[in-house]
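Work through the exercises below with the coordinates open. Try each task before you read its solution.

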Amino acid sequence: FREASGRREAIRQINNAEMDALIVAGGDGSLAGAQKLTQKGIPVIGVPASIDNDIYGTDMCIGVDTALNTIVDAIDKLRDTASSHNRAFLVETMGRASGYLAVQAGIITGAELVLIPEIKTPPREVAKAIEEAYRRGKTHAIVVVAEGFKPPTSELSAMIDAMDIGFTTRVTILGHVQRGGKPTAFDRMLATRFGVKAVQFLLEGRSAVMTALSGREIIPIPIDEVINNKKVIAQDYIDMARMLAR
C-alpha cells in the first residue's frame, strides 16, 4: 500500500472480487496506505496491530499482550541461569523506535535497568547500575534493552565487560519469537472486539477511521489523526521502571 503501484493493484483486486470495503489491520505503514485507498473511493476501516504499541489514539494494539507475556516468560527463565552463574543478562526486546515492550517488561520482571531508544543512557551509567547491584550482594542483574537503543546490545555488552564491574555479561536477543505463539486471552478478546466494531462502523457508513481502545470502550478515530501524530510512552511508566530498579 505504500507505493502507488501497490495501491493500484489493491484497487484492481478489490474491484475484481466485488468487495464493498476493506478492513486493514497493521501498523502506521499499513494505516497510511489504507488512508490513501480511501482517497480513491474505497471504504476503509483500520485496526491497530503492532506489538510495539506505538499507534496513536489507542490504549492497546493487537499482539502487544502476547508479545509482552513471551518476554516476561523468557526473562523469568533467564533469571535462574543469571543467579546460578553470577551474570548480568542484557535481554534485547523488539522496539526499533519505541521502548514500550522493554519498559513494561522491565517493570513486571523487576529489571535492574531498562534501556530504550527514547532516552539516551551512556554505557558508563549502565555499567554503574550493574556494578551497584553487584555491590549490594545481588546474585545477578537483568537489563532489558529495546533493539533501537544505541549502542547495539552486543557492543554495549563488550563495553561493560571491559569496565570490570564484578558481573560478566551475557546477551540474549529474543528476536522474532516475540511475534509468534498462541495469543493471550486478552489479545483474542481485543481482536474480536476490534473486528466486530470495524464491521459495525462500515455498516454505519463510516470510512477512514480506526478502531481504538479508549478505557473500556472501542471508539472510531480518524486515520488522518492516527498517522499524523506520534504516540509516546507515558512518563509514569518510565518513572516506575527507574524507581523499581533502585
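The exercises that follow cover sheets, helix packing, a residue and pockets in a predicted model.

**Exercise 1. Find the strand order of the open sheet that contains S4, and name its edge strands.**

Solution.
- Step 1: Lay out the strands. The order is S4-S5-S3-S6, and the pairing is parallel.
- Step 2: Look for strands with a single partner. These are S4 (113-115) and S6 (168-173), so each has one side without a neighbour in the sheet.
- Step 3: Add the twist. Neighbouring strands here are turned by 20° against each other on average, direction ignored.
- Step 4: Check one pairing. S4 and S5 (residues 141-146) run parallel and are joined by 3 bridges. Leu113 has Val143 as its bridge partner in S5.

**Exercise 2. Determine which strands H3 and H4 lie across.**

Solution.
- Step 1: Take H3 (residues 64-85). This helix lies across S3 (87-93), S5 and S6. Its angle to S3 is about 165°.
- Step 2: Take H4 (residues 100-109). This helix lies across S3, S4 and S5. Its angle to S4 is about 175°.

**Exercise 3. Decide whether Leu115 is buried or exposed, and list its contacts.**

Solution.
- Step 1: Place the residue. Leu115 belongs to strand S4.
- Step 2: Apply the cut-off. Buried means under 20% relative accessible area. Leu115 has 0%, so this residue is buried.
- Step 3: Collect contacts, skipping neighbours within four places in sequence. Leu115 touches Ala102, Thr121, Val126, Val143, Val144, Val145, Ala146, Phe149 and Leu156.
- Step 4: Compare sequence with space for one pair. Leu115 and Val144 are 29 residues apart in sequence, yet their C-alpha atoms are 6.2 Å apart.

**Exercise 4. Describe the sheet that contains S1, then place H2 on it.**

Solution.
- Step 1: Read the order. This open sheet of 4 strands runs S1-S2-S7-S8, with mixed pairing.
- Step 2: Identify the edges. S1 and S8 (217-222) each have a single partner strand, so one side of each lacks a neighbour in the sheet. The twist averages 30° from one strand to the next.
- Step 3: Check one pairing. S1 and S2 are parallel over 5 bridges. Within it, Val24 stands opposite Gly46 in S2.
- Step 4: Place the helix. H2 lies across S1, S2 and S7, at about 160° to S1.
- Step 5: List the buried residues of H2. They are Gly29, Leu31, Gly33, Ala34, Gln35, Leu37 and Thr38. They pack against H1 (4-16), S1 (22-26), S2 (44-48), S7 (209-214) and H8 (223-227).

**Exercise 5. Profile the largest pocket and the second largest pocket by volume and lining.**

Solution.
- Step 1: Start with the largest pocket. Its space is about 860 Å³. The lining has 44 residues, with Ser50, Ile51, Asp52, Asn53 and Asp54 nearest the centre.
- Step 2: Assign elements. H2 (28-38), H3, S3 and H7 (185-203) each give two or more residues to this lining. H2 gives the most, with 3.
- Step 3: Sort by class. The largest pocket has 15 nonpolar, 16 polar and 13 charged lining residues.
- Step 4: Turn to the second largest pocket, at about 520 Å³. Its lining has 20 residues, with Glu112, Leu113, Ala129, Arg242 and Ala245 nearest the centre.
- Step 5: Assign elements again. S4, H5 (123-135) and H9 (235-245) each supply at least two residues to this second lining. H5 gives the most, with 5.
- Step 6: Sort by class. The second largest pocket is lined by 11 nonpolar, 1 polar and 8 charged residues.

Key. Residues numbered from 1 in each chain as written. Predicted model: local features only at pLDDT ≥ 70, side-chain atom pairs only at ≥ 80, totals over all residues. Heavy atoms only, no water. Pairing = 2+ DSSP bridges. Axes fitted to C-alpha atoms, helices over the stretch in contact; angles between N-to-C directions. Contact = heavy atoms within 4.5 Å. 1 Å grid on protein atoms, 1.4 Å probe; cavity = no way out; pocket = protein on both sides within 12 Å on 5 of 7 lines; lining within 4 Å. Points joined across faces, edges and corners; volume = space filled by probe spheres on them. Nonpolar A, V, L, I, M, F, W, Y, C, P; charged D, E, K, R; others polar. Buried < 20%, exposed > 50% of the residue type's maximum accessible area, 1.4 Å probe, protein only.
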